[in-house]
Every structure is written in structure tokens, then in C-alpha cells.
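Colleague: I should like to go through a few residues with you. Could you bring up the structure, please?

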Amino acid sequence: MRYWLMKSEPADCSIDDLATRPDRTVPWYGVRNYQARNFMRDGMTVGDGVLFYHSGCAEPGIAGIARVASSAYPDATQFDPASRYFDPKSTPAAPRWLHVDVQFVRKTRLVGLPELRACAELANMRVLARGNRLSITPVEPAEWRFIVGQLLGATDLQEWK
């Protein structure tokens, strides 16, 4: 099992939106960075843990827990000329962009950047690295355990998977 931090702008899809969707699942569409795409394609498996992170808002931070609910598959928005994620160089025969489905587990209190940065245990967390703008980053198991157990107060880490 692996762990990930996945950023979403709340105006696009918030943790509350995810919680009210059918099957509490959403396709994580619109990723247009090759490294983030490769994380989905090569690293993610069904059941992996996800820190659902609100970005591009007044108070960015971890807003909930989710899980990867599907293997990577072609992102249909790349083929739609009306979509802001349209890619004219991508074709159904040779799709360039992929996505996974993400399923709601639990909404949490917001754990903002200042709080994350204040924790020595998270000093090497990729989302905290200067210049990091990736929408998807891996989370080390020790970082996951610290965030879920210490910052979010889970008494049983199994329930958060």
C-alpha cells in the first residue's frame, strides 16, 4: 500500500463535494503534468491512501482522507475541445493523459501548511518543498502515520485506509 497527497481546488471539487457524489467517488481529471500522470499510471493501486488537499484557496491544507478507487485510465477531458483540459495532440488511440477514481473515506479538520511546516516529522514531505507545484505527490508511510495518527488523532489507523 502506498500513500498520496492529491490537490484539488475546492471550487472544482471539495472534500464536501466528494462526500455527496454518487458512490462518494470522483474521477481525478485534468492532471496535465507528466510526473503526476506517471504517479497515477505507475505507482497508484486500488486501496492506496489519499490525503485530500484543498489548494488554490484562502486556506490550503489537508481537508480529508480518501482512497484510490480505480486503476489509471484515459482522461476523457483531453479529447473534448470544449474542455479547458483539451489536448489536441492526444487521441483515443494514443491517450496522453490518465486519471484514477478517488473515493471518500472521511472529512477531517483542515490541517494547513503552517501546521504541517511546524512538524519536524514532516520536514521532508514533498508538498512542503520549495517550488513544488505538483498536484499529486507521494507521501511516505511515516508521514502518513504521523498526519493521520498525531495531527488528526486517529486511534485506529486501519479505519483510515
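Modeller: One term is needed beforehand: a residue is called buried under 20% relative accessible area, exposed over 50%, and partly exposed in between. Please note that this is a predicted model.

Colleague: Is arginine 24 buried, exposed or partly exposed?

Modeller: Arginine 24 has a relative accessible area of 40%, which lies between the two cut-offs, so the residue is partly exposed. It is located in the loop between H1 and S2.

Colleague: What is the phi of arginine 24?

Modeller: Arginine 24 has a positive phi of about 55°, although it is not a glycine. Most residues other than glycine have a negative phi.

Colleague: And what about aspartate 23, in phi and in exposure?

Modeller: Its phi is positive too, about 60°, and aspartate 23 is not a glycine either. Aspartate 23 counts as exposed, because its relative accessibility is 68% and the cut-off is over 50%. The loop that holds aspartate 23 runs between helix H1 (15-20) and strand S2 (25-27).

Colleague: Changing topic: is aspartate 75 buried or exposed?

Modeller: Aspartate 75 is buried, since its relative accessible area is 1%. It sits in the loop between strand S5 (73-74) and strand S6 (98-99).

Colleague: Which residues does aspartate 75 touch, leaving aside those up to four places away in sequence?

Modeller: Aspartate 75 touches Tyr29, Gly30, Val31, Arg32, Trp97, Leu98 and His99.

Colleague: Finally, which residues of helix H4 are buried?

Modeller: In H4 (residues 141-151), the buried residues include Trp144, Phe146 and Ile147. The buried residues of H4 pack against several elements, among them strand S1 (3-8) and helix H3 (113-117). Glycine 153, with a positive phi near 70°, follows H4.

Methods:
Residues numbered from 1 in each chain as written. Predicted model: local features only at pLDDT ≥ 70, side-chain atom pairs only at ≥ 80, totals over all residues. Heavy atoms only, no water. Helix = DSSP H or I, 4+ residues; strand = E, 2+ residues; numbered from the N terminus. Buried < 20%, exposed > 50% of the residue type's maximum accessible area, 1.4 Å probe, protein only. Contact = heavy atoms within 4.5 Å.
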